[in-house]
Amino acid sequence: MYFTPSAWRGRCGKVQLLLCSRRIEATADLRWRRWCCTVCYVSRIRYLMRLKEDDEACRGALQSGSVLLYHKLAPLLRQTERGIYQLPLLQATDVKGILGKLGKDEELLNTSVLVGCSESEVAQFSLDVGSLEKAAVEEMCGGVFIDLRKAFFLLKGPDAPLVAKGQALIRWHQTHGYCSATGQPTERNQAGSQRVCLKTGATYYPQMAPVVIVLVSDGRRCLLARQSTFPPGMYSALAGFCDMGETTGEALRREVAEEVGLEVESLQYSGSQHWPFPQSSFMVACHATVSPDNAEINLSGAELEDARWFTREEIEESLKRKVPPRNLMGEPGEVWVPPSSAIANKLIREWANQQRKS
Ligand SMILES: NC(=O)C1=CN([C@@H]2O[C@H](COP(=O)(O)OP(=O)(O)OC[C@H]3O[C@@H](n4cnc5c(N)ncnc54)[C@H](OP(=O)(O)O)[C@@H]3O)[C@@H](O)[C@H]2O)C=CC1
Ligand SMILES: [Mg+2]
């Protein structure tokens, strides 16, 4: 039987989901579980597509949706009794209540941007309430607004990328109110997935700058570097913005040659990540090898303060250190690597695991 996307939505809404999970429990059938997950995933994606295309549907979804709050781009976090930081998703109705109590027009809620939806298709939005008194909102929500540079590393699992995405979208709207070609105002759609120039109808979409990040190895050691702006003791994989027209491989080879004077022999893709600092980047992460016979580092000096080869033992020691160290200061001479929410950490762990096996 064939279902249209909207029919899928109906079939795979909350009730359907409940039925699905009951049947999963009853049958414990892995294939059925996989099928259900796929159907629900497709249903969620099609639902989000519709909200981006249909302003009326999106306004409706917002009324019963959940909202991540930001204050001047700092996200609201809540701490559990056990000291764990969480990202509270408030009900849109509660946000309206807060706006009302603080004498603000409910219309502010409509400036929210769509960031995703839950498994049961409750739409999720992010909203900046920078025009409200910060302490008053914090008190009403039982949370604290924390700068994203800190919040991103305090959150675990999917909360970290979600909080970064929410902030990136809010920030994009705050800085793209005018068309760069005509200077005329642009208008957003309800979901906040695009802006249109009121004069020419040109459409603008939120953008990320492509960046390559690479862990270079000579087979026995891996290369980490630091910029003078890094916290003391922190070393990371080499990274750099792609130039116009470059492929990932070209950008990566150029960055390695520019920054440490080495020639890459082979590359292997590892993964990717949206990185919100300082602006939105799309990080593409790879492993690379250089010949051990041509492994002498030659720093360009312009950007990097230091670059060094590290053995597996040294890397494993650095991975054991608590990061970031207290007050972002390690013991003098001790090297530490970016925390697990940074894709550099994934590259470094993968390399250490690979070395352990070989
Ligand atoms: N997630 C992770 O694990 C990691 C992420 N990163 C991120 O990777 C990114 C790139 O690393 P970095 O070594 O600094 O990059 P680069 O080696 O490309 O050097 C940065 C310089 O490139 C110039 N530049 C060229 N294009 C751009 C652009 N689109 N946006 C900003 N600057 C540009 C700027 O020079 P000028 O100012 O002179 O114009 C900037 O100072 C950074 O955002 C960094 O935060 C880095 C390491 C780990
Ligand atoms: Mg760089």
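1. A residue counts as buried when its relative accessible area is under 20%, as exposed when that area is over 50%, and as partly exposed in between. In this predicted model, E303 has a relative accessibility of 37% and is therefore partly exposed. E259, at 4%, is buried.

2. Both residues serve the magnesium ion (ligand 2), whose coordination comes from A239 (O), E259 (OE) and E303 (OE) at 2.2 to 2.4 Å. The spacing of these donor residues along the sequence is A-x19-E-x43-E. Helix α9 holds E259, while E303 sits in the loop between β15 (281-289) and β16 (304-310), so the pair ties together parts that are 44 residues apart in sequence.

3. The surroundings of ligand 1 comprise 19 residues, of which A239, F241, E259, E303 and A344 come nearest. By class, the shell contains 12 nonpolar, four polar and three charged residues.

4. Oxygen atoms of ligand 1 have polar partners in the protein. The side chain of Q227 places an N or O atom 3.0 Å from an oxygen atom of the ligand, and the side chain of W275 has an N or O atom at 3.0 Å from a ligand oxygen. For F241 the partner is a backbone N or O atom, 2.9 Å from an oxygen atom of ligand 1.

5. On its own, ligand 1 has 920 Å² of accessible area, and the protein covers 57% of it. Two or more residues of the shell come from each of β11 (209-217), β13 (238-241), α9 (248-260), β14 (266-275) and α11 (343-357). Helix α9 is also where the magnesium donor E259 lies.

How values were computed:
Residues are numbered from 1 along each chain as its sequence is written. Chains are lettered from A and ligands numbered from 1 in the order in which they are written. This is a predicted model: local features need pLDDT of at least 70, side-chain atom pairs count only at pLDDT 80 or more; totals for chains, interfaces and linings use all residues. Side-chain values use heavy atoms; hydrogens and water are left out. A residue is near a molecule or strand if one of its heavy atoms lies within 4 Å of it. A polar contact is a pair of N or O atoms within 3.5 Å; within protein, one must be able to donate a hydrogen and the other to accept it, and residues adjacent in sequence count only if both atoms are side-chain atoms. Accessible areas come from the Shrake-Rupley method with a 1.4 Å probe; for residues, only the protein chains shown count as cover. Helices (H or I, at least four residues) and strands (E, at least two) are DSSP runs, numbered from the N terminus. Ala, Val, Leu, Ile, Met, Phe, Trp, Tyr, Cys and Pro count as nonpolar, Asp, Glu, Lys and Arg as charged, and the others, Gly among them, as polar. Donors are N, O and S atoms within 2.8 Å of the metal (3.2 Å for Na, K and Ca); water is not among the atoms, so sites may look incomplete. Buried means under 20% relative accessible area, exposed over 50%, partly exposed in between (1.4 Å probe, protein chains only).
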